[in-house]
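The following exercises concern the fold, the core and selected residues of one protein chain. Each task is followed by a worked solution.

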Amino acid sequence: VSDSANDASQSIMLCRSHISTYSYSPLRQLAAERPSLVKHGQSGALRIKLESMNYFVSVIPIVTAQAEGMSWRFALFVPQNDIVGDIVRGRDIAIYIRIGIVIVSIILCFIIFTLSLRPLDDVTERM
């Protein structure tokens with residue numbers, strides 16, 4: 001917030017008193033599944049699943065001299081697709097390419113075997 005009349009600038013940070021009041025559903029789910037990470041200042045990393053999406057979560061307590069007596073925690077939520085999405089797509093493309101190569105190889109082998117065995121058919125007809 002800036003005060004142009006006094007040429008002063010102030011920072012205001014608004015926080016909610018309880019985690020359940022936030023609308024971010026992965027945060028509420030973390031509070032429900034692992035309350036020790038939220039309430040007791042423990043740190044940790046885990047993976048949670050919300051609806052059809054997985055999240056990697058890391059929680060660390062923040063201790064500062066200015067906020068003595070206050071219990072602050074920093075929680076980082078990263079959708080799994082943001083981290084491994086491109087890797088999974090690359091893997092799937094590689095699998096499809098390999099399947100295509102195997103199919104083309106089988107067809108080529110069948111054609112080569114058929115062409116190489118054709119002279120034997122001629123020999124058997126003459127006998």
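**Exercise 1. Helix 1 and the strands**

Which strands does helix 1 lie across, and at about what angle does helix 1 run to strand 3?

Solution. The coordinates belong to a predicted model.
- Step 1: Locate the helix; helix 1 covers residues 25-33.
- Step 2: Identify the strands beneath; helix 1 lies across strand 3, strand 4 and strand 5.
- Step 3: Take the angle; helix 1 runs at about 115 degrees to strand 3.
- Step 4: Treat helix 3 in the same manner; helix 3, residues 80-126, also lies across strand 3, strand 4 and strand 5, and runs at about 30 degrees to strand 5.

**Exercise 2. The sheet**

Determine the order of the strands in the open sheet and the direction of their pairing.

Solution.
- Step 1: Begin with the whole chain, which contains three helices and five strands in the sequence pattern β-β-α-α-β-β-β-α.
- Step 2: Arrange the sheet; three strands form an open sheet in the order 3-4-5, with antiparallel pairing.
- Step 3: Find the edges; strand 3 (44-50) and strand 5 (72-79) each pair on one side only.
- Step 4: Add the twist, which averages 25 degrees from one strand to the next.
- Step 5: Examine one pair; seven bridges join strand 3 to strand 4, residues 53-62. Leu46 has Val57 as its bridge partner in strand 4, and Arg47 has Phe56.
- Step 6: Inspect the turn; two residues lie between the strands of this hairpin, where Glu51 adopts a positive phi near 55 degrees.

**Exercise 3. The nonpolar core**

List the residues of the largest nonpolar core and state which elements each supply at least two of them.

Solution.
- Step 1: Collect the members, which are nine in number: Leu27, Leu30, Leu46, Ile48, Leu50, Tyr55, Val57, Val59 and Phe77.
- Step 2: Assign them to elements; helix 1, strand 3 and strand 4 each contribute at least two residues to this core.
- Step 3: Relate the result to a wider tendency: in soluble globular proteins, nonpolar side chains tend to be buried together.
- Step 4: Set the core against the chain as a whole, in which 15% of the 127 residues count as buried.

**Exercise 4. Two residues compared with the cut-offs**

Decide whether Val63 is buried or exposed, and do likewise for Gln80.

Solution.
- Step 1: Place Val63, which is in the loop between strand 4 and strand 5.
- Step 2: Apply the cut-off for exposed, over 50%; Val63 has 78% relative accessibility and therefore counts as exposed.
- Step 3: Place Gln80, which lies in helix 3.
- Step 4: Apply the cut-off for buried, under 20%; Gln80 has 18% relative accessibility and therefore counts as buried.
- Step 5: List the neighbours of Gln80; leaving aside residues up to four places away in sequence, Gln80 touches Arg47, Asn54, Tyr55, Phe56 and Gly85.

**Exercise 5. The span of helix 3**

How does the span of helix 3 relate to the value expected at 1.5 Å a residue, and where does the kink lie?

Solution.
- Step 1: Take the length and span; helix 3 has 47 residues and reaches 68 Å from its first C-alpha to its last.
- Step 2: Compare with expectation; the span is close to the expected 69 Å.
- Step 3: Locate the kink of about 30 degrees, which lies at Arg118, shortly before the proline Pro119.

Methods
Residues numbered from 1 in each chain as written. Predicted model: local features only at pLDDT ≥ 70, side-chain atom pairs only at ≥ 80, totals over all residues. Heavy atoms only, no water. Pairing = 2+ DSSP bridges. Helix = DSSP H or I, 4+ residues; strand = E, 2+ residues; numbered from the N terminus. Axes fitted to C-alpha atoms, helices over the stretch in contact; angles between N-to-C directions. Contact = heavy atoms within 4.5 Å. Core = buried A, V, L, I, M, F, W, Y, C linked by side-chain atoms within 4.5 Å. Buried < 20%, exposed > 50% of the residue type's maximum accessible area, 1.4 Å probe, protein only. Expected span 1.5 Å × (residues − 1). Bend = angle between axes of the 7 residues up to and from the residue.
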